[in-house]
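Q: Got a minute to go through this one with me? I'd like to talk about charged pairs, then empty space inside.

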Amino acid sequence: MSSHSPHGQSPLRTVQVLGGGNAASSAHVRSLAAGLVARGVRVTVCAPAESAHAHDFTGAGADHVPVPRSSDPTSVAALRAACTDADLVHAHGLHASFRAVLALSGRSTPLVVTWHNRAHAEGARAHLLRLLERRVARTAAVVLGTTSDLVDRARRTGARDARLAAVGLPGPRTAEEDPERPRAKVRAELGAIGRPLLMAVGSLDRPRGYDVLLDAARVWGRLDPVPLVVVAGEGPLRAELQRRIEDEALPVRLLGRRDDVSELLAAADLALLPGVGESRSVLAQEALHARVPLVAALTGGVRELVGDAAELVPPGDADAFADAVVRLLAAPGRCELLRESGIRQAATWPSEDETVAQILSVYDELTQPLPMI
C-alpha cells in the first residue's frame, strides 16, 4: 500500500502526457511510470501509439490511452476524457504541456509540467512557441526543468513555481550482455573494420547540428585510416543530409531508426553530440555509462550534465569540433582519462528511485490536504 492511499482511501491517480517526439522524455516517463506503480500510484500514460509501442508503458504497469501529437479539438477532447478522474496531471515537453492546459481548462486538477529541452523554431513559429511557453508556465502549478537553464527560463516566462528536476534514466545495456553480437561483429556489420567508428544519435532535424557534423566529416576524410561516422535516427532532414553525403563523398552513414543503440554505442570509439537540441542528452548519459569518450557542443545543459568528462567545443564551430575529434583519435591516454572521468560523473546523477521520490514529493504537495492547525 502506498503512502498515497492511507486509511483505505483510493490510491492517487496520475495521468502522464507525452507528445511522443522526444526519446529522452519517453524513456523518463516509462521509468517514472514503473516507479510510481511500484509505490501504489495508478498511472495512465496518454501518448501516441508509436511512442507506446517503443517504450511499453503497459509493461511498466500503466494504462495507455492513445492520443496523437496534434492539438486539434479531437485530440484535446480525448485527453480531456482521459484526465476526467485524475488527481494530478503531469505533462512532459512544451507541446504536450500545452495540450494538457487546453484539456484541463475549467478544471481544478493540478498540472505539473516537465521541460526536458528548449523548443527551437525560427520566424513566426518562434513567436508562437514563446506564447505557448508563457501560457504553460503561468498555468502549471509546478514547472520542473531538467537543467538550470530551463528552470531559469520558466521563471522568466512567468512560472509560479519552477524547480530543477531529478531525471534518472535506466543504464544502457552493453554489448557484452549479448554474447551473440560482440563488439567486433557490430563494427564489421557497420563497415568499421580497421578504422575508427564515430557515432551520433538523434532525430534528423536542425537543432541536432548535423550540418556541423558533415562539415567536420570533410576534415576527418583526410585522415588515414578514414573514420566512419554513423548516425542512428530519422527525421525531416534525411534526404537533404543523404544528398550532401553523396555529393561530397563524406564518410558518413545514416542508419535510420535503430533499437540497438546501446550495442552500437558500445562498439564506437567516440560519441558525437554536435547540436544544441537536447538539454539533458540521452546520448551523453549513455556514452559516459558505456565508457565511450564524448565530443559535444558546449551548452549550459551539457556542461551541467557531463562536467569535465567530455571534450566540449563552441556550438556551431565545425573546425573546433573536427579538431577535438582528431586530437582524441591520436591520444589514447586522453580517451582513457575521459572514460574514468565519465564513470565518476555518471555516479553523481540521480537514480531512478531518487527521481521517483522527488516527483512523489511534488505530487504530495499538490494533492495531500493541508494539516489542520
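Q: Which residues are linked in a network of salt bridges?
A: Keep in mind that this is a predicted model. The network takes in Asp215, Arg218, Arg244 and Glu248.

Q: OK, take Asp215 and Arg218. How many Å apart are the closest N and O atoms?
A: They're 3.5 Å apart, and that pair forms a salt bridge.

Q: And why are Asp215 and Arg218 separated by about one helical turn?
A: Because both sit in helix α8 (residues 210-220), three residues apart.

Q: Is Asp215 buried or exposed?
A: In between: Asp215 is partly exposed, with a relative accessible area of 27%. Arg218 also falls in the partly exposed class, at 42% relative accessibility.

Q: What about Arg244, which side chain does it meet in a salt bridge?
A: Glu248, with 2.8 Å from N to O. Glu248 is partly exposed, its relative accessible area being 33%.

Q: Stepping back, how many salt bridges does the structure hold?
A: The structure holds 22 of them. One that links distant parts of the chain is Asp56 with Arg30.

Q: Where do Asp56 and Arg30 sit?
A: Asp56 is in the loop between α2 (49-55) and β3 (63-66), while Arg30 belongs to helix α1 (residues 23-38). That puts the two 26 residues apart in the chain. Their side chains meet at 3.7 Å, N to O.

Q: How does that pair do on accessibility, Asp56 to begin with: buried or exposed?
A: Neither, really. Asp56 has a relative accessible area of 38%, so that's partly exposed. Arg30 is partly exposed as well, with 26%.

Q: Switching topic: how many cavities of 30 Å³ or more are there?
A: The count comes to four. The largest cavity has about 80 Å³ of space in it.

Q: Which residues lie nearest the centre of the largest cavity?
A: Arg208, Leu273, Pro274, Gly275 and Glu278. The whole lining is made up of twelve residues.

Q: Which strands each supply at least two residues of that lining?
A: β8 (197-201) and β11 (270-273) each do.

Q: And how do the lining residues of the largest cavity divide into nonpolar, polar and charged?
A: Eight are nonpolar, two are polar and two are charged.

Methods:
Residues are numbered from 1 along each chain as its sequence is written. This is a predicted model: local features need pLDDT of at least 70, side-chain atom pairs count only at pLDDT 80 or more; totals for chains, interfaces and linings use all residues. Side-chain values use heavy atoms; hydrogens and water are left out. A salt bridge is a side-chain nitrogen of Lys or Arg within 4 Å of a carboxyl oxygen of Asp or Glu. Helices (H or I, at least four residues) and strands (E, at least two) are DSSP runs, numbered from the N terminus. Buried means under 20% relative accessible area, exposed over 50%, partly exposed in between (1.4 Å probe, protein chains only). On a 1 Å grid over the protein atoms alone, a cavity is a set of points where a 1.4 Å probe fits but cannot get out, and a pocket is an open set with protein on both sides within 12 Å along at least five of seven lines; lining residues have an atom within 4 Å of a point. Grid points are joined across faces, edges and corners, and a volume is the space filled by probe spheres set on the points. Ala, Val, Leu, Ile, Met, Phe, Trp, Tyr, Cys and Pro count as nonpolar, Asp, Glu, Lys and Arg as charged, and the others, Gly among them, as polar.
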